[in-house]
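Biologist: Hi, could you walk me through this chain, starting with one of its turns? I'm new to this, so full sentences would help.

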Amino acid sequence: MLSGYAILDGAELERPVLLAGWTRHALSEITVHDLATGEQTGRVPLPGLGTAGGLGERPEGGHEAWFAYTDYTTSSVVLRFDARDSSVTTWAAPPGSVQVPAVTARQVAYQSKDGTTVRMLVISSGDSPEGPARPSSTGTAGSISA
C-alpha cells in the first residue's frame, strides 16, 4: 500500500526522482523511481524492519527528503535521504538514550491450517537469532535468556 511520496528535483541531480513510501506485510519500505519514466532505480536503506512515514521535501525543490523511522528496539528518529549519493543519515533524535540489549528481528511466514499465509516478526536475543526467547529463571521482569 502506498503511504506517501516525495519529489526530489534539485538542480544538483542529474534527473529528478520520486521517492515512494510503501507498507508491505506491516513493514515499511521506500523505493526510488525516475520521475519521468516511473522506473524503479533503487531503494532507500532503512535501519531495520520497522515503520517509516511522513516523507517530506523542501517546497522549493532540492535533493533531500526527510522521514520518521522507528522499530521495536529503536526510538523514533528523523532520517535524511540525500538523492545525490543515496545516503541516509540521522537528522534528529530524541534526547537521552536507553540501553537496549542486542536483538535480531526477522519476518517469517507460516501457512495456517486453512492455507492462509500468516506473517509475524520474531525478535530474539542477538546471540541466538534462530531460537525463541524464553523468560529467565530469575523471574526478573523484562529479561530474557536464550
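Biologist: How many residues lie between E3 and E4 in their hairpin?

Modeller: In this predicted model, the hairpin of E3 and E4 has five residues between the two strands, and Gly38, which sits in that turn, has a positive phi of about 80°.

Biologist: And how do E3 and E4 run, parallel or antiparallel?

Modeller: They run antiparallel, with four bridges joining E3 to E4, the strand of residues 40-44; as an example of such a pair, Val32 has Gly42 in E4 as its bridge partner.

Biologist: What about E2 and E3, how many bridges are there?

Modeller: Strand E2, residues 17-24, pairs with E3 over eight bridges, again in the antiparallel sense, and one of the partners to look for is Thr31 in E3, which is bridged to Ala20. These two strands also form a hairpin, with two residues between them, and His25 in that turn has a positive phi of about 55°.

Biologist: So what order do the strands take in the sheet?

Modeller: The order is E1-E2-E3-E4, in an open sheet of four strands with antiparallel pairing. Strand E1 (2-8) and E4 stand at the edges and have a single partner strand each, so each of them has one side left without a neighbour in the sheet. From one strand to the next, the twist averages 25°.

Biologist: Back to E3 for a second: is it mostly covered or exposed?

Modeller: E3, which spans residues 27-34, is mostly covered, with eight of its eight residues buried. If you follow the side chains, Leu27, Glu29, Thr31 and His33 point one way from the strand, while Ser28, Ile30, Val32 and Asp34 point the other way, and all of them are buried.

Biologist: What does Ile30 touch, then?

Modeller: Setting aside its neighbours within four places in sequence, Ile30 is in contact with Leu19, Ala20, Gly21, Arg43, Val44, Leu46, Ala52, Leu55 and Phe67. Ile30 also belongs to the largest nonpolar core, which has 18 residues, and the members that touch the most others there are Leu8, Leu19, Ile30, Val44, Phe67 and Phe81.

Biologist: Which elements give two or more residues to that core?

Modeller: Those are E1, E2 and E3, together with strand E5 (51-57), strand E6 (64-71) and strand E7 (74-82). As background, nonpolar side chains tend to be buried together in soluble globular proteins.

Biologist: Changing topic, how many helices and strands does the chain have?

Modeller: The secondary structure comes to zero helices and 12 strands. Of the 146 residues in the chain, 29% count as buried, and the accessible surface comes to about 9400 Å², with 55% of that belonging to carbon and sulfur atoms.

Biologist: One last spot: where does Thr117 lie, and why does it count as partly exposed?

Modeller: Thr117 lies in strand E10, residues 117-125, and it counts as partly exposed because its relative accessibility is 35%, which falls between the cut-offs of under 20% for buried and over 50% for exposed. Not counting residues up to four places away in sequence, Thr117 touches Ala109, Tyr110 and Gln111, and its side chain makes a polar contact with the side chain of Gln111 at 2.8 Å.

Definitions and conventions. Residues numbered from 1 in each chain as written. Predicted model: local features only at pLDDT ≥ 70, side-chain atom pairs only at ≥ 80, totals over all residues. Heavy atoms only, no water. Buried < 20%, exposed > 50% of the residue type's maximum accessible area, 1.4 Å probe, protein only. Pairing = 2+ DSSP bridges. Axes fitted to C-alpha atoms, helices over the stretch in contact; angles between N-to-C directions. Areas by Shrake-Rupley, 256 points an atom, 1.4 Å probe, with all protein chains shown as cover. Contact = heavy atoms within 4.5 Å. Polar contact = N/O pair within 3.5 Å; in protein donor to acceptor, adjacent residues only side chain to side chain. Core = buried A, V, L, I, M, F, W, Y, C linked by side-chain atoms within 4.5 Å.
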